[in-house]
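Morning, everyone. I have one structure to walk through today, so let's put it on the screen.

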Amino acid sequence: GIKTTDILSDLKMCARVAYCVDIDKSVIIGNFEKRGWIAVSQDDDWHFYWASTQTCRNLFAVDSGYRMNDFQMINHFSNHYELTRKDLMVKNMKRYRRDLEREGHPLAEKNEMGRYLYLDFIPTTFILPADYNMFVEEYRKNPQSTWIMKPCGKSQGAGIFLINKLSKLKKWSRESRTVFNPNLVKESYVISRYIDNPLLMGGRKFDLRLYVLVTSFRPLKAYLFRHGFCRFCTVKYDDSVNEIDNMYVHLTNVSIQKHGEEYNNIHGGKLTVQNLKLFLETTRGKGPTEKLFNEISWLIVHSLKAVAPVMVSDRHCFECYGYDIIIDDNLKPWLIEVNASPSLSSTTVSDRIMKYKLINDIINLVLPPDGVPDVKWNKIPSQDELGGFELLLDEELASQNDSSSSGSRKNNKWK
């Protein structure tokens, strides 16, 4: 007989949804067209808007006076930057730890060195110029260490450099007087302890790009896409002083690596998370690999919990964040940054297939069963709608489970 899901998917196809998009990416538009949606302009009545962060900022600006209807959805939260600006992510994380500490929460426990036992997944970071003196104090404790400087508001590896001497920072601050002159603050930077013992594959450094979908911040509802990937440097890792300025050795951003002589256009310097798991199970064993991936989920959940109190949890919004994670040689994951508009350009065929699926699964997850946006929907999708996503946390489901005392272990893990 005909399965109910088939009937539902046919109904979805009939639902005439009007979409608006200001990012010309085939993986997005292809998904909308396949559903039989109709393209309209921003000034028309639209149901679903896939917008750039700039468009969202304008739309949500207080003076725009724009009010969304119950049948409208957009792909960013108005203050997504609380997580995606490097300085704000760090501030929110520090506040989250302090709040838990004040409550005497076991999660805020520290070891005898004063390091957090469970919430130590962001490298030691300072915001310049504000934390300059604190940074110098930390630097002097361990003058052998390397630090990485990043402009807070830029992406794709722009403006990043490494320092291993205080004199280099002083020289930089002299040359960019505007940064350290309080009357002319152009841009703040974050300076983080560089992870100088990264896990290597084939002698090369890599990071993980994982996609995390948040459909609500209060209650928190978050999903992890299974098909993340590793991005590799094209040049073998070398932490010697003479290579400190060679970004092909240190930065995994494809926007940088694709200019390198060694860049491979066929696989684009990428490897699937599944293949990484296989590699780690073979080289490090099943147990440690499982522990690592549990810690990655843990880190994502707590980075979201850290920003949840300050987020404008608008029911019209959802967001797909791009998490960048570096694994060190002890199989410890470090959260490096979170992107609000993870690149949807496809560098390879498999990349295009994966991103097309990502968008398709996001749409299935954020829309109610009839396929038409509706803010009154409780945002609890059926198991069938998850596609390539797995549930990381749904606080609403977790509290329902608790009250009916049949709390599933999966959700209790995040308490």
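Start with strand 11 and strand 16, residues 389-394. They pair in the antiparallel sense, over five bridges. One contact point to find on the screen: F225 in strand 11 has F389 in strand 16 as its bridge partner. Keep in mind that this is a predicted model.

Strand 11 also pairs with strand 10, residues 204-217. That pairing is antiparallel too, and it runs over five bridges. Look for S216, which stands opposite K221 in strand 11. How many residues sit between strand 10 and strand 11 in their hairpin? Two.

Now, is strand 11 mostly covered or mostly open? Covered: strand 11 spans residues 220-225, and six of its six residues are buried. Take the faces in turn. L220, A222 and L224 lie on one side, and they are buried. K221, Y223 and F225 lie on the other side, and they are buried as well. Note that K221 is on that list.

Next, the nonpolar core. As a general point, nonpolar side chains in soluble globular proteins tend to be buried together. Here, the largest nonpolar core has 59 residues. Which members touch the most other members? F217, I300, L304, Y321 and Y323. The element that gives the most to this core is helix 12, residues 286-307, with ten residues.

Let's zoom in on I300. Leaving out residues up to four places away in sequence, I300 touches L210, V212, L224, Y323 and L392. We have already met L224, on one side of strand 11. There is also a second core, separate from that one, with 29 residues. Its members include F32, I359, I363 and L386.

Last stop, strand 6, residues 147-151. This strand is mostly covered, with five of its five residues buried. W147, M149 and P151 point one way. I148 and K150 point the other way. So which strands flank it in pairing? Two to show you.

Strand 7, residues 161-163, pairs with strand 6 in the antiparallel sense over three bridges. There, M149 stands opposite F161. Strand 8, residues 189-193, pairs with strand 6 as well, antiparallel, over five bridges. In strand 8, R193 is the bridge partner of W147.

To recap: strand 11 has six of six residues buried, and strand 6 has five of five. The largest nonpolar core has 59 residues, and helix 12 gives the most to it. That's my tour. Thanks.

Terms used
Residues are numbered from 1 along each chain as its sequence is written. This is a predicted model: local features need pLDDT of at least 70, side-chain atom pairs count only at pLDDT 80 or more; totals for chains, interfaces and linings use all residues. Side-chain values use heavy atoms; hydrogens and water are left out. A nonpolar core is a set of buried Ala, Val, Leu, Ile, Met, Phe, Trp, Tyr and Cys residues joined through side-chain atoms within 4.5 Å. Buried means under 20% relative accessible area, exposed over 50%, partly exposed in between (1.4 Å probe, protein chains only). Helices (H or I, at least four residues) and strands (E, at least two) are DSSP runs, numbered from the N terminus. Contact means heavy atoms within 4.5 Å. Two strands pair if DSSP finds at least two bridges between them.
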